[in-house]
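Open your viewer and set it to show a cartoon with side chains on request. We will go from stop to stop, with a selection to make at each one.

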Amino acid sequence: MDINKIIQEQKELLQQRNQEFRARLEPKLKQIKLVADKISGTVNHSLQNTLNSPWLSKLASEKELTEKAEQPVKLSPQVAKAYDELVAKLGEETHIGEWYTIEQDCINQFADVTGDNQWIHTDPERAVKESPFRAPIAHGFLTLSLIPKLTDTVNPDNNPYPDARMVINVGLNKVRFPYPVKAGARVRFRTRLIEVTAQKRSIDIVNEQTLEVENSKRLGCVAETVLRLYY
């Protein structure tokens, strides 16, 4: 038994887990800080305006405050039904995609479309010799662009939101690429529902997408996608 080899393997595993943990945690901490700073600034500004106001003594009555209170959004029956169903799934893993091989030809086509022809992606011979990964790697944005395909959100035969009449991509809250995906690797996305917000005739949902790489404990992508479902 090679003790040094075992120690080295455990060290690499610990580093990898630390990278993935930071990839998940750092964006959330930054978001919390931004919200806290915004709330603090708003409160200070409002308090200063109130103290300087000549109308300080003219406080609104409880009836006036109640009348001015924001009325709740009245949801359509279709939205209300879908909202209840989605809320019941919050925090659950809602989809595990099929394995998909990212071939070198796919990487080359993506490079041609986007103009990103860096040798680390498109020159296998040089990548083997000079890259620390000893192989060409997929563009991070290529793995990100595979989310619709690998989560079945564009598959008419297996629609995850069959009652919605239309689904659009609103954007992304945050994205990280913890570890590169080598050409020829098989990958799949796992989907977890983390947020649901209802409007009058639509629902915004936030999914956490994690890209698994076959035979690897390292994640290729961690992203939060925002979809709007129209009913």
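## Stop one: the largest pocket

Start with β3, which gives the most to the lining of the largest pocket, with five residues. Keep in mind throughout that this is a predicted model. The largest pocket holds a volume of about 620 Å³. For a view into the middle, select T153, P160, Y161, I205 and L227, which lie nearest its centre among the 32 lining residues. Then colour the elements that each give two or more residues to the lining of the largest pocket: α3, β1 (93-96), α8, β3, β4, β5 and β6. What is the make-up of the lining by class? The lining of the largest pocket has 16 nonpolar, twelve polar and four charged residues.

## Stop two: a patch on β3

Stay with strand β3, which spans residues 166-176 and includes V170. Select M166, I168 and V170 and switch on the surface: they form a nonpolar patch there, with about 220 Å² of accessible area together. Is V170 buried, exposed or partly exposed? At a relative accessible area of 41%, V170 is partly exposed.

## Stop three: K81 and its two partners

Next, select K81, E85 and D163 and show their side chains. Side chains of opposite charge can pair when their charged atoms come close. E85 and K81 form a salt bridge, with 2.9 Å between the closest N and O atoms. Both sit in helix α3 (residues 77-87), and because they are four residues apart there, about one helical turn separates them. E85 is partly exposed at 39% relative accessibility, and K81 is also partly exposed, at 48%.

K81 has a salt bridge with D163 as well, at 4.0 Å from N to O. K81 belongs to helix α3 while D163 lies in the loop between α8 (147-150) and β3, so this pair ties together parts that are 82 residues apart in sequence. D163 counts as exposed, with 53% relative accessibility.

## Stop four: a charged network

Now select E212 and R188. Their side chains meet in a salt bridge of 2.7 Å, N to O. Which parts of the chain does the pair tie together? E212 is in strand β5 (residues 202-213) and R188 in strand β4 (residues 186-198), so the linked parts are 24 residues apart in sequence. E212 is partly exposed, with a relative accessible area of 21%. Add E93 and R190 to the selection: salt bridges that share partners join E93, R188, R190 and E212 into one network. The model has ten salt bridges by the rule used here.

## Stop five: a loop meets an early residue

Move on to K217, in the loop between β5 and β6 (219-230). K217 is exposed, at 57% relative accessibility. Draw a distance from its C-alpha atom to that of R17: the two are separated by 8.5 Å, although the residues are 200 apart along the chain.

## Last stop: the second largest pocket

Finish by selecting H121, A138, H139, G140 and F177, the closest to the centre of the second largest pocket among the 15 residues that line it. About 210 Å³ of space lies in this pocket. Helices α4 (104-114) and α7 (140-145) each supply at least two lining residues, and α7 provides the largest share, three residues. By class, the lining of the second largest pocket has eight nonpolar, six polar and one charged residues.

Terms used
Residues numbered from 1 in each chain as written. Predicted model: local features only at pLDDT ≥ 70, side-chain atom pairs only at ≥ 80, totals over all residues. Heavy atoms only, no water. Patch = residues over 30% accessible without salt bridge, like charges linked within 9 Å, V, L, I, M, F, W, Y side chains within 5 Å. Areas by Shrake-Rupley, 256 points an atom, 1.4 Å probe, with all protein chains shown as cover. Buried < 20%, exposed > 50% of the residue type's maximum accessible area, 1.4 Å probe, protein only. 1 Å grid on protein atoms, 1.4 Å probe; cavity = no way out; pocket = protein on both sides within 12 Å on 5 of 7 lines; lining within 4 Å. Points joined across faces, edges and corners; volume = space filled by probe spheres on them. Nonpolar A, V, L, I, M, F, W, Y, C, P; charged D, E, K, R; others polar.
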